[in-house]
Amino acid sequence: MSRPPLPPFTAETAAQKARMAEDAWNSRDPQKVALAYTPDSVWRNRAEFIRGREDIAAFLTRKWACELDYRLIKEVWAHEGNRIAVRFAYEWRDDSGQWFRSYGNENWEFDEAGLMARRIASINDLPITESDRKYHWPLGRRPDDHPSLSDLGL
C-alpha cells in the first residue's frame, strides 16, 4: 500500500502530509487514522509506548472517548528526507465540561511507501475556559479558511 506524498519531502509535500494527518485525526476515526501507519509502527505518545496498527486504533479509541469535541491544527516545523517535524495544538473538553488546549511537537519518520513508521509525540495540557477557545468549526475537517497556528498566535 502506498500513501502519497512519498519521501523525500519538499516544503510543499511535507505541508500536504501534515494536513492529511490533521484531517484524519479530526475525523476521530481510529481505524482510518491507523491506516496511515506501517503495520509495525512505533509510537511514543506522552509516556505511553504503542506498537502496531491494532494498538494505535485501541489507543485512539480510548483517547477520543475521553477527549470530547476534539479539534486539531498541525503545522510543519521542519522536514528533511523521510522525516517531518510538526507542532500542533488541539482543543477538547472532558466529561465534566472542563476545556483544555493541548500543545505539542511530533517527530515523524516515513517508509518508502509514505506510511509513518515512527511517531514521537510530546504533549502538554493547559486548562482553558470555554471563552478562551479558538477552534469553533463544526466537528470534522478544519475549514481551509480557518487561521493556522501561526495566525492564531499559538
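In which helix is the place of Lys-63? In this predicted model, Lys-63 belongs to helix H3. The report starts from the sheet that H3 lies across, then turns to the core, and comes back to Lys-63 and the cavity.

**The sheet**

The sheet is open and is formed by 6 strands in the order E2-E1-E6-E5-E4-E3, with mixed pairing. Strand E2 (48-51) and E3 are the edge strands; each has a single partner strand, so one side of each has no neighbour in the sheet. On average, neighbouring strands are turned by 20° against each other, direction ignored.

Strands of a sheet pair through backbone hydrogen bonds, in either a parallel or an antiparallel way. E6 takes part in a pairing of each kind: E1 and E6 run parallel and are joined by 5 bridges, while E5 and E6 are antiparallel and pair over 12 bridges. Some of the residue pairs involving E6 are given below.

| Residue | Partner in E6 |
|---|---|
| Tyr-37 | Met-116 |
| Asn-45 | Ala-121 |
| Gly-104 | Ile-123 |

E5 and E6 also make a hairpin, with 5 residues between the two strands. In its turn, Gly-114 has a positive phi of about 85°.

**Helices on the sheet**

H1 packs on the sheet and touches E1, E3, E4, E5 and E6. The direction of H1 makes about 165° with that of E3. H3 lies across E1, E2, E3 and E4, and runs at about 45° to E1.

**The nonpolar cores**

In soluble globular proteins, nonpolar side chains tend to be buried together. Here the largest nonpolar core has 29 residues, and Trp-25, Trp-43, Leu-60 and Trp-108 have the most contacts inside it. At least two residues of this core come from each of helix H1 (11-27), helix H2 (30-34), strand E1 (37-45), helix H3 (53-66), strand E3 (68-80), strand E4 (83-93), strand E5 (99-110) and strand E6 (116-128). Another core, of 6 residues, lies apart from it; Ala-89, Tyr-135, Leu-149 and Leu-152 are among its members.

Trp-108 also touches a number of charged or polar residues and others beyond four places away in sequence, including Lys-17, Lys-74, Asn-82, Arg-83, Arg-118 and Arg-119. Its nonpolar contacts include Ala-18, Ala-21, Ile-84, Val-86 and Met-116.

**Lys-63 and the cavity**

Is Lys-63 buried or exposed? Its relative accessible area is 9%. Residues count as buried under 20%, so Lys-63 is classed as buried. Apart from neighbours within four places in sequence, Lys-63 is in contact with Trp-25, Tyr-70 and Tyr-90. Trp-25 is also one of the residues with the most contacts inside the largest core.

How many cavities of 30 Å³ or more are there? The count comes to 1, and the largest cavity has a volume of about 50 Å³. Lys-63 is one of its lining residues, and so are the three contacts Trp-25, Tyr-70 and Tyr-90. The rest of the lining consists of Asn-45, Leu-72, Lys-74, Phe-88, Glu-106, Arg-119 and Ile-123. E3, E4 and E6 each give two or more residues to this lining, and the largest share, 3 residues, comes from E3.

Two of the lining residues, Asn-45 and Ile-123, also appear in the table: Asn-45 has Ala-121 as its bridge partner, and Ile-123 is the bridge partner of Gly-104.

Terms used:
Residues numbered from 1 in each chain as written. Predicted model: local features only at pLDDT ≥ 70, side-chain atom pairs only at ≥ 80, totals over all residues. Heavy atoms only, no water. Core = buried A, V, L, I, M, F, W, Y, C linked by side-chain atoms within 4.5 Å. Buried < 20%, exposed > 50% of the residue type's maximum accessible area, 1.4 Å probe, protein only. Helix = DSSP H or I, 4+ residues; strand = E, 2+ residues; numbered from the N terminus. Contact = heavy atoms within 4.5 Å. Pairing = 2+ DSSP bridges. Axes fitted to C-alpha atoms, helices over the stretch in contact; angles between N-to-C directions. 1 Å grid on protein atoms, 1.4 Å probe; cavity = no way out; pocket = protein on both sides within 12 Å on 5 of 7 lines; lining within 4 Å. Points joined across faces, edges and corners; volume = space filled by probe spheres on them.
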